[in-house]
Amino acid sequence: MVFGSTAEGVYNLYALNLSKGETFKITKEPPHLYAKTSRISPYVVYTLDVSKGFELVKLYAINLNTLELVDVSREVPPQRVVGVGFDGVRVAWSGSTKEAAGIYLTKVPDGEPELIAKTKGREFVTDVSGNYIVGFGHLRDNPYSMEIFVIDLKSNEFKVVTPKEGSTNTSPRIKDNDVFFVSDFKTLDKERLYSFNVSSEEFKDVTFESSDLIAYDPTEIVNYGWSDAGELWVIGKRDGRTKLFLNGREIPTPKGFITDADLYEGKAYIAFSSLKEPPKIASVDLTSGEVKVVIDNKLPEEISKKFGEVLFVRFRSFDGLEIPTYVLKNAEVSAPGPTVIYPHGGPWSEVADSWSSFIAALTVLGYHVVAPNFRGSTGYGESFRKLDLGDPGGGDLLDVVYARDWAVKAGIAREDSVCIVGYSYGGYMTFIAMTKYPDLWRCGVAGAGVTDWREDYELADAYFKKFDEILFAGKLELFEERSPITYVENTKAPICIIHPQNDSRCPLKPVMKFAFKLMELGKPFELHVVPEIGHAISLDNKSLLKFFIYTGMFLKKHLT
């Protein structure tokens with residue numbers, strides 16, 4: 001079993017021998033992503049950043065038996081790779097640069113990569129098997145839909161597949177002559193599992209022996225796959241928590257969030273966590289239900305005792321829309337007390353009942369944390385997720401503002417002691433909240449955020465140019481209106497800016513201009529540049545620790 005961990009301070013891949021119970025490290029440098037492993041191959045395929053954080057990667061494969069390393073991408077220039085499929089013999093991936101994007105195929109360990117198809121930059125390869133490569137993306141140039149693609153390797157035909165125009169279809173995987181995929185096409189909201197027969201081009205509902213999954217009525221499908229016996233398992237999600245199902249029957253698992261699973265020799269191996277418990281790996285006996293932790297991750301008592309009550313609530317925003325929100329209270333701080341509003345990154349992400357090093361650190365530092373899943377968040381249906389398309393920094397920003405008001409009225413936050421802290425899109429939310437609603441915040445911490453959408457777009461590669469076009473639903477004329485730099489003179493409260501030096505998603509250059517403007521205007525701010533690291537700061541514990549140290553010292557000065 002292969003898993004990722006920062007156990008030694010830097011994210012690496014490890015393997016657990018299930019027979020012997022022995023764990024060993026298999027990578028020496030932090031991988032960016034890795035393909036689902038194959039039971040017929042000793043190789044693990046992963047990407048490695050070769051650009052000091054700019055997320056230009058090469059593909060490698062390592063043999064678990066010999067630890068021999070193979071350069072998979074060979075002469076293909078470093079790219080941003082966002083999807084990899086591996087069938088035990090062949091590797092398919094989607095990659096992009098500033099100039100172009102495409103889908104590639106090669107064999108492990110000694111194949112020569114071949115460009116199979118030219119693409120636009122936001123396509124995600126998910127699987128390769130038999131005669132096909134499959135994946136998904138915005139293939140109709142419609143920001144409100146996502147389609148499946150099927151590449152026939154015999155004819156080189158690139159077929160776009162959707163059961164209904166305007167629907168969202170993701171996560172395709174190949175099983176014999178069928179492509180399984182996740183879709184909302186029947187309700188245009190909740191996700192279900194379907195299949196598409198490549199020969200007959202017929203769509204079918206995936207049916208199960210047990211009705212537990214149907215009764216659970218998940219909003220989203222987190223993951224799915226097949227056991228070693230060929231049985232279909234599904235991780236369903238609702239209200240930020242998950243459940244595991246085998247052939248539709250619920251498998252009892254610990255409360256919280258399961259991110260991945262594999263079922264092997266009568267056991268389910270799950271990676272799970274909660275807001276108060278960091279990630280662990282456990283085995284669940286499918287017959288007895290016995291749960292055994294195989295990779296533990298215990299917190300020191302002096303840390304865990306600071307975690308108080310976890311709340312899941314919904315409050316009404318400016319237009320009556322209910323905003324699902326998680327709250328983690330500090331057990332040693334009275335309420336109302338100093339509080340951090342934490343808008344998550346993405347924006348197509350969420351705060352669930354799963355481990356977040358940012359939320360955990362803010363709580364341990366002495367604050368209650370309120371994390372609104374503003375419109376545009378995942379986890380609450382496609383209708384909810386699409387609400388910020390064409391409106392970033394609009395309705396979603398007001399949801400964050402209303403989260404602050406709710407926290408005060410609910411007796412969690414003290415009116416004069418509310419700060420906003422965010423990273424990535426959450427960093428953008430911090431910048432725009434502090435410049436458009438400057439009187440609401442005691443202070444703010446903006447990590448790896450966007451200050452100028454126009455300049456970010458001009459600096460972006462093909463992948464992130466497409467990202468911006470989708471987020472703004474083609475309304476690029478909104479760039480200036482929704483950019484914090486436009487309102488920088490409104491800043492009143494102290495702001496701490498923390499930014500990775502080599503961030504290619506949210507480049508440093510526009511942020512430096514924002515900081516320089518703050519300096520010219522005489523506004524209170526701090527600027528910290530974390531050297532030689534990219535946007536994914538959590539891959540390196542030392543860099544992440546710098547973020548927390550800068551944040552902790554700043555909040556102690558301005559919020560406590």
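## A buried histidine in a loop

His344 is buried, with a relative accessible area of 3%. This is a predicted model, and in it His344 sits in the loop that runs between strand 30 and helix 3. Setting aside residues up to four places away in sequence, His344 touches Ser349, Glu350 and Val351, then Pro372, Asn373, Phe374 and Ser377, and finally Tyr423, Tyr425 and Gly426. Take Tyr425: it is 81 residues from His344 along the chain, yet their C-alpha atoms are separated by 6.8 Å.

Two of those contacts, Phe374 and Tyr425, turn up again in an aromatic cluster, where they are joined by Tyr428, Trp453, Tyr457, Phe472 and Phe479. One ring of that cluster also has a charge for company: Lys465 lies over the face of Tyr457, at 5.2 Å from the ring centre.

## Helix 10 and what it packs against

Helix 10 covers residues 541–558, so 18 residues in total, and spans 25 Å from its first C-alpha to its last. That is close to the 26 Å expected at 1.5 Å a residue.

Which residues of helix 10 are buried? They are Ser543, Leu544, Phe547, Phe548, Thr551, Gly552, Phe554, Leu555 and His558. The spacing makes sense with a bit of helix geometry in mind: an α-helix has 3.6 residues a turn, so residues three or four places apart point the same way. The buried residues of helix 10 pack against helix 3 (357–364) and a set of strands: strand 30 (337–341), strand 32 (413–423), strand 33 (443–447), strand 34 (495–500) and strand 35 (525–530). Strand 30 and helix 3 are also the two elements on either side of the His344 loop.

## The sheet 8-9-10-11

Back towards the N terminus, four strands form an open sheet in the order 8-9-10-11, with antiparallel pairing. Strand 8 (80–86) and strand 11 (114–119) are at the edges with a single partner strand each, so one side of each has no neighbour in the sheet. From one strand to the next, the twist averages 20°. Strand 10 and strand 11 run antiparallel and are joined by five bridges, and Tyr104 has Leu115 of strand 11 as its bridge partner.

Pro113 is found in the loop between strand 10 and strand 11. Not counting residues up to four places away in sequence, its contacts are Val72, Ser73, Arg74, Val76, Trp93, Leu105 and Thr106. For a sense of scale, the C-alpha atoms of Pro113 and Phe208 are separated by 39 Å, with their positions 95 residues apart along the chain.

## Aromatic pairs and a charge over a ring

Searching the whole structure turns up 35 aromatic pairs. Trp93 and Tyr104 make up a stacked one, 5.3 Å centre to centre with 10° between the planes. Trp93 belongs to strand 9 (residues 90–96) and Tyr104 to strand 10 (residues 101–107), so the pair ties together parts that are 11 residues apart in sequence. Are these two residues buried or exposed? Trp93 is buried at a relative accessible area of 0%, and Tyr104 is buried at 14%.

Elsewhere, the charged end of Arg173 sits over the ring of Tyr224, 4.7 Å from its centre. Tyr224 falls within strand 20 (220–226), and the loop from there to strand 21 (232–238) holds Ser227. Ser227 is buried, with a relative accessible area of 8%. Leaving aside neighbours within four places in sequence, Ser227 is in contact with Arg39, Trp233 and Leu263.

## Strand 26 between two hairpins

Why is strand 26 described as largely enclosed by the rest of the structure? Five of its six residues (280–285) are buried, so the surrounding structure largely encloses it.

On one side, strand 26 runs antiparallel to strand 25 (residues 267–273), with six bridges joining them. Lys267 has Asp285 as its bridge partner in strand 26, and the two strands form a hairpin with six residues between them. Strand 26 also runs antiparallel to strand 27 (residues 291–295), this time with four bridges. Here Ala282 stands opposite Val293 of strand 27. Strand 26 and strand 27 make a hairpin too, with five residues between them, and Gly289 in the turn has a positive phi of about 80°.

Terms used. Residues are numbered from 1 along each chain as its sequence is written. This is a predicted model: local features need pLDDT of at least 70, side-chain atom pairs count only at pLDDT 80 or more; totals for chains, interfaces and linings use all residues. Side-chain values use heavy atoms; hydrogens and water are left out. Buried means under 20% relative accessible area, exposed over 50%, partly exposed in between (1.4 Å probe, protein chains only). Two strands pair if DSSP finds at least two bridges between them. Rings of Phe, Tyr and Trp (its six-membered ring) pair if their centres lie within 6.5 Å; planes under 30 degrees apart count as stacked, over 60 as edge-to-face and the rest as tilted. A charge sits over a ring if NZ of Lys or CZ of Arg is within 6 Å of the ring centre and within 35 degrees of the ring normal. Contact means heavy atoms within 4.5 Å. Axes are lines fitted to C-alpha atoms, for helices over the stretch in contact, and angles run from 0 to 180 degrees between N-to-C directions.
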